Amino acid sequence: NDPAVTPESIESFVDQTLLMLELTAIQHFLVGSDLAGGLSFEQKKRLSIAVELAANPSIIFLDEPTSGLDARAASIVMKGMRRIADSGRAVVATIHQPSVAIFNDFDSLLLLKKGGHTTFFGELGEESCKLIEYLERFPSTNKIKPGENPATWMLTVTGAGSGVGEKPFDYAASFSASQLHKDALDNIEDFDGEATEDNLITFPTTHATSAKTQRSSVFKRMWKVYWRSPGYNRVRTIVAAIIALLFGSVYASNRTPQNESDMNSRVTSIYITVLFLGVNGFNTILPVYEVERNMFYRHKAALMYGFRPFNRAWTLAEIPFILFSTMVFVICFYFLVGLSTLAYKFFLYYLFVALNGAMWTFLGQAFMALFKDTQTAQGSGAVLIGLSSIFTGLLIRPQYVTGFWLWAYYLMPGHYVLEGLLASQFHQDNTVIEPWEGSPYFFRNRDDCIVEGTIPPDFEGVLPEKCWGTAEEWIEVSFGGMFTWEHVPFNVLYCVAVLIIAKVVSYWALRNLDYLSK
């Protein structure tokens, strides 16, 4: 809400930060990864520093900023740190065995020995002269040799590097009795005395930006992440098309079912395809979500944005890609199999396939938010997928699920997807289906014909065609009258409820869990 903060001032500040850390030349590059390429290790270090500077902090802490870098890369990072310090910000960095050039760039030094005891704290001086002067005044200190690295020398003489000094002299105790230690305590008292209510720094909100700005910015970022992840979105769309063509092509020459075998084949294909799409959606989202979730942990710790915008962004960014990939599947599969050409049946089929894809994708997000890594989430999700596939109502028909396992049939989401697909697709489908002798469908039609007087009560053998039933009747008999058109609205509501539960679980996990802090 500061009127001085305008889009122009923000852009100017960003440009200054890029220039300060020599990032202007690569400002439009993708960060990339070790596998896909992108910025170098040293460039990523400077970028990480720049990201923290974007919040315009008065002090910045760096943990071993030059570790893993060669001399040239370390020099570039140190130049950036020097510019940051010259701009009026305090820079605090931990560093181990730096080169002479890097060590002499620092203004002050806090040297600790094993156990966290202070050996030296004060200004380094030109070419570390104050540090050298302080240590050399003790008789036990070996004089520094010409050209010797002051950092290596001080660790050797004080024993800070190994924890066991070469001399029995206690530098930590000597520092506690020194004027440097007294000056440090006096400075702390002066700073404490200057603290008043007027200069107390307070923030009205947890985050620097409003909830609306967070939602907009995080969604824009997530949308870019999705567009820049062709490996994820392209693969699931291609898999959807391949599954559709593979199973649909089986029926290219027999698009109208004629007997119970044809009906069983179609129902099984519908079951297998939605199962494949669900498993593929669940497994492919896990590694993608894990990377962004771990990044979110860092952003949350830096108070850049909260868990609500992150959860919302994942939901909104995922929906268009789910709708597209499932539409590709339905167009390729639906007409090849020879399903109904009625518009409402087509769109109901598409609705349930899309809900199935969304359910398993969002459940994948929920499991990845709950568990530490992809392997654990995948193993735990396999239990849910297994139960859902067993109790859809196909492998074990609903009328035969009794006793203890009834809870699984009514709880698992796969049952509601399959019921919605079959009940809506074969509703009022009068395609004549020839019964198998001895099947429940056969006895149902034979009994109806006996009641109607079409055949005698003691009739045996193959039923005449006038006693055959329809596809709708076959679904009713095959699933014990439990897959009905009247259940379709509830099936939709149940699938939507699973989506909501999955997002609530993600919401809770993102709010309360942080595996990077462990």
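**Note on a predicted structure**

1. Leu30 sits in the loop that runs between helix α1 (7-20) and strand β1 (32-33), in what is, it should be said at the outset, a predicted model. Leu30 counts as partly exposed, because its relative accessible area is 49% and the label "exposed" is kept for values over 50%. Leaving out residues up to four places away in sequence, Leu30 touches Gly38, Leu39 and Arg228. The C-alpha atoms of Leu30 and Glu486 are separated by 52 Å, and these two residues are 456 residues apart along the chain.

2. The UniProt record, an unreviewed entry, places the feature "domain: ABC-2 type transporter transmembrane" at residues 214-426. Over residues 214-426 the chain is 80% helix and 0% strand, with the C-alpha atoms at the two ends 47 Å apart.

3. Which residues touch the most other members of the largest nonpolar core? They are Phe329 and Tyr349, in a core that has 86 residues. Helix α13 (residues 343-370) supplies the largest share of this core, namely 15 residues. A second, separate core has 37 residues, among them Leu21, Leu23, Leu124 and Val157. As for Tyr349, when its neighbours within four places in sequence are left aside, the residues in contact with Tyr349 are Ile270, Val330, Phe333, Tyr334, Leu339, Leu421 and Gln425.

4. Nonpolar side chains are also found at the surface, where Ile390, Leu395, Ile396 and Tyr400 make a nonpolar patch of about 390 Å². Tyr400 belongs to the loop between α14 (374-390) and α15 (406-411), and Tyr400 is exposed, because its relative accessible area is 57% and the cut-off is over 50%.

5. In helix α18 (residues 471-478), the buried residues are Ala471, Trp474, Ile475, Val477 and Ser478. The elements that cover them include α11 (260-301), β7 (432-433), α17 (440-452) and β8 (469-470). Just after α18 comes Gly480, which takes a positive phi of about 60°.

6. A search of the whole structure finds 10 salt bridges, and one of them joins Arg46 to Glu42, with the closest N and O atoms 2.2 Å apart. Both residues lie in helix α2 (residues 41-53), where they are 4 residues apart, or about one turn of the helix. An α-helix has 3.6 residues a turn, so residues three or four places apart point the same way. Arg46 counts as buried because its relative accessibility is 5%, and Glu42 is also buried, with a relative accessible area of 9%.

7. The side chains of Arg82 and Asp107 meet in a salt bridge of 3.1 Å, N to O. This pair links distant parts of the chain, 25 residues apart, since Arg82 is in helix α3 (residues 71-86) and Asp107 is in the loop between α4 (100-104) and β5 (108-113). Arg82 is partly exposed at 24% relative accessible area, and Asp107 is likewise partly exposed at 47%. Arg82, Asp86 and Asp107 are linked in a network of salt bridges.

8. Arg221 forms a salt bridge with Glu292, and here the closest N and O atoms are 2.9 Å apart. Arg221 lies in helix α9 (residues 211-227) and Glu292 in helix α11, so the pair ties together parts that are 71 residues apart in sequence. Is each partner buried or partly exposed? Arg221 counts as partly exposed, because its relative accessibility is 29%, whereas Glu292 is buried, with a relative accessible area of 10%.

Methods:
Residues numbered from 1 in each chain as written. Predicted model: local features only at pLDDT ≥ 70, side-chain atom pairs only at ≥ 80, totals over all residues. Heavy atoms only, no water. UniProt positions renumbered as here; feature names shortened; annotations may be inferred. Core = buried A, V, L, I, M, F, W, Y, C linked by side-chain atoms within 4.5 Å. Buried < 20%, exposed > 50% of the residue type's maximum accessible area, 1.4 Å probe, protein only. Contact = heavy atoms within 4.5 Å. Patch = residues over 30% accessible without salt bridge, like charges linked within 9 Å, V, L, I, M, F, W, Y side chains within 5 Å. Areas by Shrake-Rupley, 256 points an atom, 1.4 Å probe, with all protein chains shown as cover. Salt bridge = Lys/Arg side-chain N within 4 Å of Asp/Glu carboxyl O.
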